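Please look at the sequence and the structure below, and then follow the report with both in view.

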Amino acid sequence: MSTAINKQVEIESLLKSFNLISFINNYQQYARLAEKEKLDYVSYLYQLAKVESEERHHRKTERLLKQSKLPPSKNLSEFDTNALANFPKTVLKELISGDCLDQAENVLIFGNPGTGKTHLAAGLGRQWCLSGRAVYFTSASALVQDLLVAKRDLKLNNFLAKLDKFQAVIIDDISYIPQNREETDVLFVLLADRYEHKRIVITSNLPFSQWDKIFKDTVTTGAAIDRLVHHSHILQLNGESYRAKTAGNVCVPETTLLNQNRIIVKLDDQQ
Ligand code: ADP
Ligand code: MG
């Protein structure tokens with residue numbers, strides 16, 4: 001083997017050991033280009049470092065989106081904030097930034113059916129993935145079933161640890177009514193497990209005043225609500241069903257009582 005080929009093999013093996021995949025894929029082509037364009041060494045290295053960074057970001061985003069199980073095609077670019085009365089656009093911007101997750105705040109989205117809760121939650125989840133945050137989207141009913149299966153197989157702790165890897169778990173449609181105490185219990189275990197250390201995003205048609213349908217008794221209901229609202233953003237989506245544009249199920253979550261302007265309410269220790 002000639003020295004040049006030896007060197008090439010060694011360079012590629014070194015780059016591989018540093019996990020610089022885009023360097024390997026591009027260094028020769030970029031070297032030819034640099035020669036042609038008479039680029040100096042620093043500019044050549046800069047271009048390679050740039051492509052490595054961009055492709056790495058792209059690969060990470062793809063991985064995060066895939067594992068998030070987010071429903072496809074629910075983008076915030078298609079979410080019409082003008083369709084909602086008094087929708088707090090500045091707060092939406094703040095939520096999109098993902099700072100709420102970094103600052104350990106839950107996001108609770110209430111509203112009538114069809115007002116865009118799922119679309120908004122999924123759109124936020126997508127934005128968070130794009131900014132490098134790991135999130136997991138699931139319906140409340142699927143989550144309860146997964147928790148039950150894990151519990152039956154004596155793997156509940158493993159399952160919770162798996163969810164712990166996600167900065168936020170988005171539980172869609174927590175209006176789902178568990179069928180029995182066992183279902184309620186596993187849901188509560190999840191809320192308790194993530195309390196104060198990992199984030200939860202929920203969507204619900206049910207106001208807190210009806211959450212005893214979910215958690216069965218007042219003590220568990222109170223404890224569940226307490227854990228969720230402590231450090232949380234509460235978004236109230238008001239108006240008619242976007243889809244049907246007809247009056248939906250009349251349901252006024254008590255969060256409206258917290259803020260008559262129907263905008264986001266931030267709860268923290270001071271309140
Ligand atoms: P919910 O979860 O509150 O029942 P969805 O998020 O499922 O409502 O919304 C119902 C349908 O209407 C979906 O197809 C969604 O994409 C669309 N939709 C709802 N609100 C909006 C909105 N503000 N802008 C664009 N599409 C919307
Ligand atoms: Mg929904």
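Glu 52 and Arg 56 both belong to helix α3, which spans residues 41-68, and they stand four residues apart, about one turn of the helix; helices (H or I, at least four residues) are DSSP runs numbered from the N terminus. The model is predicted, with local features needing pLDDT of at least 70 and side-chain atom pairs counting only at pLDDT 80 or more, while totals for chains, interfaces and linings use all residues. Residues are numbered from 1 along each chain as its sequence is written, chains are lettered from A and ligands numbered from 1 in the order in which they are written, and side-chain values use heavy atoms, leaving out hydrogens and water.

Side chains of opposite charge can pair when their charged atoms come close. Glu 52 and Arg 56 form a salt bridge through their side chains, at 3.2 Å from N to O, where the term requires a side-chain nitrogen of Lys or Arg within 4 Å of a carboxyl oxygen of Asp or Glu. By this rule there are seven salt bridges.

Turning to the ligand, 14 residues surround ligand 1, and the closest are Asp 80, Gly 114, Lys 117, Thr 118 and His 119, a residue being near if one of its heavy atoms lies within 4 Å. The table lists polar contacts, which are pairs of N or O atoms within 3.5 Å.

| Residue | Partner of a ligand 1 oxygen atom | Distance |
|---|---|---|
| Gly 114 | polar backbone atom | 2.7 Å |
| Gly 116 | polar backbone atom | 3.1 Å |
| His 119 | N or O atom in the side chain | 2.6 Å |

Definitions and conventions. A polar contact is a pair of N or O atoms within 3.5 Å; within protein, one must be able to donate a hydrogen and the other to accept it, and residues adjacent in sequence count only if both atoms are side-chain atoms. Helices (H or I, at least four residues) and strands (E, at least two) are DSSP runs, numbered from the N terminus.
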